[in-house]
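This report concerns the pockets, the ligand surroundings and the nonpolar core of one protein model. The sequence and structure are shown first.

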Amino acid sequence: MSQACAENSTQNSTPASQSKPHLWGQRVSDLTETLLAMGVPEKKARYHSHQIFRWIYERKVSSYEEMTDISKLAREALAEKFDITPPLTVATAQTSIDGTRKFLFRLHDGNTVESVLIPANNGEADETTSRLTICISSQVGCAMGCKFCLTASMGLLRNLRVEEIVGQVLELSKAADITNIVFMGMGEPLHNLENVCRAVEILLSQYGMGFSKRKVTVSTSGLVPAIRKMNARLSRENRVNLAISLNGSFNEQREAVMPVNEAFPIEELLDACREFTLEPYRRITFEYVMMGGLNDTTEDAARVLKLLDGIPSKVNLIPYNPHPASPFRRSEDGDVETFKRFLLDRGVAAMVRHSRGRDILAACGQLKSAEDARAAVN
Ligand code: SF4
C-alpha cells in the first residue's frame, strides 16, 4: 500500500466546474455558523439553519426560491455563498431480476460513481421486512488495490466531496424509502475519513433525513490509524456501525488479496477493533469474501474463530462474485455452508450474504467499468 493510502486524506477541494462550496455539504452547525457570520441574530440563525435542512432533506428542494419560509435576504446571502445545483445526476440505472437496482451517477467533473439499492426480499412479495439498503460510494476509484475487486483496477481518481456522498442518498430517496445505508460502494471510506464523517453527521441529523446510527454502516479494508481516528472523531450520537473486510484467516493469505495487510497486519487490525468503542449489544461486522481454494477451508474457519476471540462480532460470508478480469473463483456452496456451520456451532453469529444483482454487474465497480468500456467504443 502506498503512503498516500495509509494517510487519512481530508481532500475536499472544489472541482473546477464548481466555484463555491455546496449547500448539501453543510451540517446544521456549519449553516448556523455561516448565518451568524452574516450577521443574522443567533436565535434566527439556528431557526433558519434547521429550516434549510428540512427543506433540503424532507422536501428535497433544489433551489433557493423554493425555500419560501426563509427571508429573501437570507436566501440571497446563502445563494452567494453556497451552490445548490445537484452535484450529481443519474447517468444510468438498471434493475436486476432479484430487485436490486444499480445507479451510475455522473459528477460535475464528468467522473462517475455507483450506488446500489438492495431490497431485503429478493424483489418478491414479502411482508416480513421492508428493509431497503443503499450501498454508496466514497471515492472515485480506490487506492487499496484489493486483488478481487474491479474498482481497484481504476486506481484512485479522487475523494468524493461531502455533498456527493450525501447526494447519492438524497437523490435516490426521492424515489425510494431507504432504511439502511452501507458505505461499501466504490472506494475505501476511511481513506476519505473527514468527508465520510461529515456525511454521516448530515445523514443522521434529526433536522434532515434522521437515519438511525444503528442503520448506517461504514466499512473499511483495514486502515488501522483511520479506524482509531474514526473512533475518536464520531460523537456518541453519530457512532455508526463498523464493518471490516477480513477476507483472510492469516497474514500471508490476506496479503495475497489485500495489499493493505502489508502495512496493517491482522493482529494490529484486530487490536484497533478491540479498542473501538461499542455501545451495549452492538457488534463489529467482519465481511469475508469466500474464494474457492483460497480462504474457504475448515482450517480457515478455525483461524477466523480464534482471531475474533473477545471481539463482539458477526461474520458475513460472501461467496465471491467473479468477473472476467479476475483470477478468483466462487467457493462451492457446500464449503460456504461448512464454514458457516463451524462458526455458528462455536457461538459466532455467521450468515451467508449472496451478491445481489449479479445479472446487472452489481459487484463493486462493475457497472462503471461496463459504462467506461461502452464510452470507449462509442
Ligand atoms: S474492495 Fe473496497 S477497499 Fe478494496 S479495492 Fe475495492 S473498493 Fe477499494
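In this predicted model, the second largest pocket is lined by Arg-27, Val-28, Ser-29, Phe-53, Glu-201, Ile-202, Leu-204, Ser-205, Gln-206, Tyr-207, Glu-237 and Asn-238. Its volume is about 230 Å³. Two helices, H2 (28–37) and H6 (193–204), each contribute at least two residues to the lining of this pocket; H6 provides the largest share, namely three residues. Both domain 1 (27–81) and domain 2 (117–377) are represented in the lining of the second largest pocket, each with at least three residues.

One cavity of 30 Å³ or more is counted in the model. The largest cavity encloses about 50 Å³ of space. Its lining is formed by Arg-239, Val-240, Asn-241, Leu-242, Phe-276, Thr-277, Leu-278, Glu-279, Arg-282 and Arg-283.

The residue classes of the two linings, and of the shell around the ligand, are set out below.

| Site | Nonpolar residues | Polar residues | Charged residues |
|---|---|---|---|
| Lining of the second largest pocket | five residues | four residues | three residues |
| Lining of the largest cavity | four residues | two residues | four residues |
| Shell around the ligand | six residues | three residues | no residues |

The ligand is surrounded by nine residues, of which Cys-142, Cys-146, Cys-149, Ala-152 and Gly-187 come nearest. No charged residue belongs to this shell.

The largest nonpolar core comprises 103 residues, and within it Leu-23, Met-67, Ile-181, Phe-183 and Phe-286 have the most contacts. Helix H6 is the element that gives the most to this core, with eight residues. Because domain 1 (27–81) and domain 2 (117–377) both give residues to the core, it lies between them. Helix H6 thus appears in two settings: eight of its residues belong to the largest nonpolar core, and three residues of H6 line the second largest pocket.

A further point concerns the chain after H6. Phe-211 is placed in the loop between H6 and strand E8 (216–220). Is this residue buried or exposed? Phe-211 has a relative accessibility of 10%, and it therefore counts as buried, the cut-off for that class being under 20%. Between the C-alpha atoms of Phe-211 and Ile-178 the separation is 9.3 Å, although the two residues stand 33 residues apart along the chain.

Methods. Residues are numbered from 1 along each chain as its sequence is written. This is a predicted model: local features need pLDDT of at least 70, side-chain atom pairs count only at pLDDT 80 or more; totals for chains, interfaces and linings use all residues. Side-chain values use heavy atoms; hydrogens and water are left out. On a 1 Å grid over the protein atoms alone, a cavity is a set of points where a 1.4 Å probe fits but cannot get out, and a pocket is an open set with protein on both sides within 12 Å along at least five of seven lines; lining residues have an atom within 4 Å of a point. Grid points are joined across faces, edges and corners, and a volume is the space filled by probe spheres set on the points. Helices (H or I, at least four residues) and strands (E, at least two) are DSSP runs, numbered from the N terminus. Ala, Val, Leu, Ile, Met, Phe, Trp, Tyr, Cys and Pro count as nonpolar, Asp, Glu, Lys and Arg as charged, and the others, Gly among them, as polar. Domain bounds come from an automatic or database domain assignment. A residue is near a molecule or strand if one of its heavy atoms lies within 4 Å of it. A nonpolar core is a set of buried Ala, Val, Leu, Ile, Met, Phe, Trp, Tyr and Cys residues joined through side-chain atoms within 4.5 Å. Buried means under 20% relative accessible area, exposed over 50%, partly exposed in between (1.4 Å probe, protein chains only).
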